[in-house]
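Visitor: Please take me through one part of this model slowly, beginning with a single covalent link and working outwards to its surroundings. I would like a connected account rather than a list.

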Amino acid sequence: MSTTSIRRVSALGAFTLLAGAGIALGAAPAAAAPLACPALPGQTATTPNCTATSTGTGTSAAIGDTTGAADANGGRNGLSLAIGLGGGKATSQAQNFAAPAAIASGPGAVTNLTGIKPGLAIGIAGPGATVTVTGRSGATCTGGIGFAGDFQTFSGCLNLGNGEIPLGNR
């Protein structure tokens with residue numbers, strides 16, 4: 001890959017992470033403090049709104065507030081993160097050196113991320129949006145405002161609430 005291509009990919013990645021953080025923070029209504037569930041290798045952590053489970057070589061963390069839900073599963077050699085806030089539901093599963101991060105913020109927001117191959121993946125869903133990363137096929141963003149980027153398949157999507165814009169390989 002040329003230096004110019006690397007710079008473009010890096011700039012796009014930085015922009016999308018900042019935009020995603022803005023979506024997540026802007027969509028989150030005021031609520032009670034989120035509860036964290038960190039699980040180091042071989043541990044499980046559970047609270048009413050989050051669950052994190054890790055195998056002997058996996059690591060996971062979940063964060064949920066009183067109206068959101070998060071479920072993170074760090075399988076063999078996986079790193080998993082799920083954050084569900086303000087009515088959002090986030091699910092993240094990882095194995096084989098994958099590292100998916102699922103963020104769902106707002107009523108009806110859903111993210112389902114699966115990491116099966118080495119690589120990072122991020123999915124951010126705002127109110128009414130569903131973001132899905134399978135690790136096998138292109139990422140999808142339906143419903144409301146959402147974003148996904150998947151380095152396992154080199155695909156992604158962006159939805160500003162008026163239809164999905166596919167990114168990368170399809």
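**A disulfide and the sheet beside it**

Guide: A disulfide joins Cys141 to Cys157, with 2.0 Å from S to S. This and everything that follows is read from a predicted model. The torsion about the S-S bond is 70°, and the link of Cys141 and Cys157 is right-handed. The pair ties together distant parts of the chain, since Cys141 belongs to strand β12 whereas Cys157 belongs to strand β14 (residues 155-160), and 16 residues separate the two. Cys141 and Cys157 are both buried.

On the β14 side, the surroundings of Cys157 can be followed through Ile165, a residue of strand β15 (residues 164-168). Leaving aside neighbours within four places in sequence, Ile165 is in contact with Gly156, Cys157 and Leu158, and these residues fall within the stretch 155-160 that forms β14. Ile165 itself counts as partly exposed, because its relative accessibility is 40% and that class lies between under 20% for buried and over 50% for exposed. The bonded partner of Cys157 is therefore buried, as is Cys157, while Ile165, which touches Cys157, is partly exposed. From Ile165 one can also look across to Thr142: the two are 23 residues apart in sequence, and their C-alpha atoms are 9.9 Å apart in space.

On the other side of the link, Cys141 leads into the sheet, for β12 (140-142) is one of its edge strands, the other being β2 (44-47), and each of these pairs on one side only. The sheet is open and has seven strands in the order β2-β3-β5-β7-β9-β11-β12, with mixed pairing. Direction ignored, neighbouring strands of this sheet are turned by 5° against each other on average. As a general matter, strands of a sheet pair through backbone hydrogen bonds, either parallel or antiparallel.

Moving inwards from β12, the order passes through β11 to β9 and then to β7. Strand β11 (residues 130-133) is joined to β9 by four bridges, and the two run parallel; within this pairing, Asn112 has Thr132 of β11 as its bridge partner. Six bridges join strand β7 (residues 89-94) to β9, again with a parallel course, and here Ala90 stands opposite Thr111 in β9. Strand β9 (residues 110-115) has a covered face made of Thr111, Leu113 and Gly115, and an uncovered face made of Val110, Asn112 and Thr114. In a regular strand the side chains alternate between the two faces of the sheet. The two bridged residues of β9 named above are thus divided between its faces, with Thr111 on the covered one and Asn112 on the uncovered one.

At the far edge, β2 is joined by four bridges to strand β3 (residues 50-54), and this pair runs antiparallel. Thr46 stands opposite Thr51 in β3. Here a second link comes into view, for a disulfide joins Cys37 to Cys50, with 1.9 Å from S to S. The torsion about the S-S bond of this pair is about 75°, so the disulfide of Cys37 and Cys50 is right-handed. This link, too, connects distant parts of the chain, from Cys37 in strand β1 (residues 35-39) to Cys50 in strand β3, 13 residues apart. Cys37 is buried, with a relative accessible area of 1%, and Cys50 counts as buried at 1% relative accessibility.

Close attention to Cys37 brings in Ser60, whose place is in strand β4 (residues 59-64). Ser60 is buried, because its relative accessible area of 3% falls under 20%. Not counting residues up to four places away in sequence, Ser60 touches a set of residues that includes Cys37, Pro38, Ala39, Ala52, Thr53 and Ser54. Among these, Thr53 also offers its backbone oxygen, which lies 3.1 Å from a polar atom of the Ser60 side chain.

Taking the chain as a whole, the count comes to two disulfides, and with the bonded cysteines numbered in sequence order the pairing is 1-2, 3-4. The chain has one helix and 15 strands, and 42% of its 170 residues count as buried. Of the contacts with a separation of 6 or more, 13% come from residues 24 or more positions apart. The accessible surface comes to about 8100 Å², with 65% of it belonging to carbon and sulfur atoms.

Methods. Residues numbered from 1 in each chain as written. Predicted model: local features only at pLDDT ≥ 70, side-chain atom pairs only at ≥ 80, totals over all residues. Heavy atoms only, no water. Pairing = 2+ DSSP bridges. Axes fitted to C-alpha atoms, helices over the stretch in contact; angles between N-to-C directions. Buried < 20%, exposed > 50% of the residue type's maximum accessible area, 1.4 Å probe, protein only. Contact = heavy atoms within 4.5 Å. Areas by Shrake-Rupley, 256 points an atom, 1.4 Å probe, with all protein chains shown as cover. Disulfide = S-S within 2.5 Å. Polar contact = N/O pair within 3.5 Å; in protein donor to acceptor, adjacent residues only side chain to side chain.
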